[in-house]
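Trainee: Could you zoom in on one part of this model and take me through it closely, burial and contacts included? After that, I'd like to see how the rest of the picture fits around it.

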Number of protein chains: 2
Amino acid sequence: MIETPYLLFLGDAPDPLAAKVAQGIKDWRPENCVGQFRMEGCKADMKLPDMTLAEAKAAGAKTLVIGVANRGGKISASWKEVLLDALDQDFDLASGLHNLLRNETDLSEKAAATGRTLHDVRVPAVEYPIANGEKRRGKRVLAIGTDCSIGKMYTALALDRDMRAAGMKSTFRATGQTGILITGEGVPLDAVIADFMAGSIEWLTPDNDEDHWDVIEGQGSLYHVSFSGVTLALIHGGQPDALILCHEPTRTHMRGLPGYGLPALEDLRDLGLQMAKIANPDCQVVGISVNTAALSDAEAEAYLEEVSARMGLPAVDPYRHGTQPLIAALQAL
Amino acid sequence: MIETPYLLFLGDAPDPLAAKVAQGIKDWRPENCVGQFRMEGCKADMKLPDMTLAEAKAAGAKTLVIGVANRGGKISASWKEVLLDALDQDFDLASGLHNLLRNETDLSEKAAATGRTLHDVRVPAVEYPIANGEKRRGKRVLAIGTDCSIGKMYTALALDRDMRAAGMKSTFRATGQTGILITGEGVPLDAVIADFMAGSIEWLTPDNDEDHWDVIEGQGSLYHVSFSGVTLALIHGGQPDALILCHEPTRTHMRGLPGYGLPALEDLRDLGLQMAKIANPDCQVVGISVNTAALSDAEAEAYLEEVSARMGLPAVDPYRHGTQPLIAALQAL
C-alpha cells in the first residue's frame, strides 16, 4: 500500500499525454494530491499548486509519485536529483515505469539509508495464492471489452465514483499500473506468474459486506490473442456477479493485431457470460459502456440508442453521460 | 536445452510414485537414458542399468536428471553429496523441483567452479515475446481437458510417438516440468509472467514444414478456475489446427475444487472450438482421448463406443488402444 497523499512528479514532460498517469490520479483521486512538482520545460499541468519538496512535505505529502512517462525508458540524471532529494526529505517514491526504481543503485542505497520505501508498482509485492474458487461474500462487477484499451478502467473508475456518490458501498480494485497508482494499491496482473493470476484476483477481492461492490478493473480481452489468458483469469478469479461490456465503435481491428477483427457485442456478451458462469452461475450482463469519443453528440446518441435497443441493455458513454443507467441495473440485481 | 543422454537420479525414493518424472523419461525417451543412480533404500526401479557417476560418464551421459520428488521440499544432505560429485565429474544437473538447484549455495558455487550448468526447469530461461497472433506455417494439435491432470500430457506424448512411427513429421512441445525433462526443452508455462504466456507458446511452436505437426502439451482446463487463463493462453498462442478432447469419466469434481463439477464433453468441444477459432478459424475438433484406468476392459470399450457415437468423433484410450484413430483424423484434415 502506497502512503497518501501524494506530490505528483511531472518532471520535464514533453507534452500533456506524457503525464497521463498524473492526470488519472488528479482526475479520480484529487483528495490524494497536495500538489505537483514540475521541472524546467515541463509541458504538462494538472492545475494543482506547484510545490517544492519542502512545501509539499509541510502540506502533508507522504509519497512522490512519478506521474510521467520517461523518454527512452531511462530515469534521467535530472530526475535523479529530485528523487534523491525526495528520499532525503522523507518521501517514499512510487513508479509504474518499466525501469524499476529499485534497480537504480543510487536510489536503492539512498532509500536504505533513509528508511524510505520504493514502490515499483509493475512488480507484484505479494506472494499470491493459487485460486481456490470458493464463493466470497459481497458483490463484484467486472468490465470486459471487445478489445484492449477500450475504456474498461475508465468505466470502472466512473462506476465506483458514481456508486459512492449514490451512497452505495463500493471499492475500485486496481489490476494495472495506472489504477494502482491512482488508488495506492492493487494487483499488477500482467506481471503476475501464470499459476497465480486467478488467485491474485481472489486475494484482491476478498469477503466483504453483502451489499458491498468490488468494481474490478478489467484487462485485455477474451478476443485478444496476446492477453486473453489474463482476461480469463480475471473473470474466474473475480467471480463477478455482473459484467459490463465495453466497446469502441470505430476501431477497425484488434489493438496491435492487424489481422484480427473485433467481435460483435453479442459475441462478447455470450462468451463472457458463459465464462463467468463457470465461476459464478448467477452472473448477469447488466449493461454496455461505449467510448464514443470519435463520434459527434448526435452520432453518439444514435449509436447508444441502437445498441441499447438491439441488446436490451442500458448503453452509456460514462464520460459523456455518467453511469446512472448501469448503476440502476446493478441495484436491480 | 538440456544435453542428453541422461543418468536418472532416483535418490532414496520412498516408493515408485516418487520417481514418476524418471518413469516418464524412461517410458517416452528411453534412448535418452544410459542408466539410473539409486541410493541406499531407494524403492523405485526404472529397469535401467544401475551405474556409478563414472560408469555413466563412460557410457556418454551428459546430464544427471533428478527424477524423484524430494521429501518436505528440501534437497537433502545425502543427495547433495551425489550432486556435487556429479558436477565435479562434468555432469550438468537438471531438476523440476520447487526448491531450485541454483539457490543452493554449494551447488551454484561448484557449478561456477566447474563450468557446468544447473537446469531448473521450473524457471523460464528465455525472455519470451508478447504474442503477435501471426499465422505460422506447419500444423499444430493441442489436447484440452474437461479438468486438470486428466491425461493431456500422456495423450500428446502417445500421439507424437505414434505419428513418428507412422512416418509423419511430429515434435512434442513440452509446456510443463515433466515434459521438459522428458524432451530436454520446452516452456514452463505455469511459471511464465502473465503478459508473455501466449507469446511463449508462439515461440515454442514456430514456423515449420507445411506437413510438420507440433503436438503441444496441454495445461489446466478452460473449466478449472484456478488455471483457466493458462489454458486460454495456450490455445491462443498455439493456434491449433486440431483439438483433442481429454476426459476421465469417473471423476466427480474438478481437481482441488470440491464445489465444481466437470463439464460435459459437448461443452468442452463447443467452448474449446469457439476459443480456438479466434486464433485459427480453420481449427477442428478431431477426436477424444479418455483415461479409462478406472474402468474394466468391457466398461472401457462400452464407454468409448457410446462417446464416439454420441459425439461423432473417434474416441480412444491411448494407453489401452494407442492413438491410431486420432492420427487418421489428423491425416484427414
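Mentor: One cut-off before we start: a residue is called buried when its relative accessible area is under 20%, and exposed when that value is over 50%. Also keep in mind that this is a predicted model.

Let's zoom in on Asp92(A), which sits in strand E4 of chain A, residues 92-95. Its relative accessibility is 5%, so Asp92(A) counts as buried. What does the side chain of Asp92(A) make a polar contact with? The partner is the side chain of Arg116(A), at 3.1 Å. Arg116(A) also turns up in the wider contact list, which skips neighbours within four places in sequence. The other residues on that list are Glu3(A), Lys62(A), Thr63(A), Leu64(A), Thr117(A) and His119(A).

For contrast, go over to chain B and look at another aspartate. Asp297(B) belongs to helix H10, residues 297-311. At 56% relative accessibility, Asp297(B) is exposed. This aspartate has an arginine partner too: its side chain makes a polar contact with that of Arg320(B), at 2.9 Å. Asp297(B) and Arg320(B) are 23 residues apart along the chain, and their C-alpha atoms are separated by 8.8 Å. So there are two Asp–Arg side-chain pairs to compare, one with a buried aspartate and one with an exposed aspartate.

Now for the place where the chains meet. Chain A and chain B each put 32 residues into the contact. About 2700 Å² is buried between them, with carbon and sulfur atoms giving 63% of that area. On the chain A side, Asp195(A), Val225(A) and Ile278(A) lose the most area to chain B, together 19% of what that side buries. If you're tallying the polar side, there are 10 residue pairs in polar contact between the chains, counting pairs with both residues at pLDDT 80 or more. The salt-bridge count between chain A and chain B is 0.

Which helices of chain A supply at least two residues each to the side touching chain B? They are H7 (197-204), H8 (228-238) and H9 (265-279). H8(A) gives the largest share of that side, with 6 residues.

H7(A) deserves a closer look, since 7 of its 8 residues are buried. Those are Met197(A), Ala198(A), Gly199(A), Ser200(A), Ile201(A), Glu202(A) and Leu204(A). Within chain A, the buried residues pack against strand E7 (169-173) and H8. Across the interface, they pack against helix H7 (197-204) and helix H8 (228-238) of chain B.

H7(A) also falls inside a stretch that UniProt annotates. An unreviewed UniProt entry lists residues 130-326 of chain A as "domain: D-glutamate N-acetyltransferase-like C-terminal". That span is 39% helix and 16% strand, and its end C-alpha atoms lie 32 Å apart.

Last stop, the cysteines. The structure holds 0 disulfides over all chains. Why is Cys283(A) not in one? Because its closest cysteine sulfur, in Cys246(A), is 14 Å away, too far for a bond. Cys283(A) is buried, at a relative accessible area of 2%. Over in chain B, Cys148(B) is 12 Å, sulfur to sulfur, from its closest cysteine, Cys246(B), so that gap is also too far for a bond. Cys148(B) is buried as well, at 8% relative accessibility.

Note on methods:
Residues numbered from 1 in each chain as written. Chains lettered and ligands numbered in written order. Predicted model: local features only at pLDDT ≥ 70, side-chain atom pairs only at ≥ 80, totals over all residues. Heavy atoms only, no water. UniProt positions renumbered as here; feature names shortened; annotations may be inferred. Helix = DSSP H or I, 4+ residues; strand = E, 2+ residues; numbered from the N terminus. Buried < 20%, exposed > 50% of the residue type's maximum accessible area, 1.4 Å probe, protein only. Polar contact = N/O pair within 3.5 Å; in protein donor to acceptor, adjacent residues only side chain to side chain. Contact = heavy atoms within 4.5 Å. Disulfide = S-S within 2.5 Å. Buried area = accessible area lost by both parts, 1.4 Å probe. Salt bridge = Lys/Arg side-chain N within 4 Å of Asp/Glu carboxyl O.
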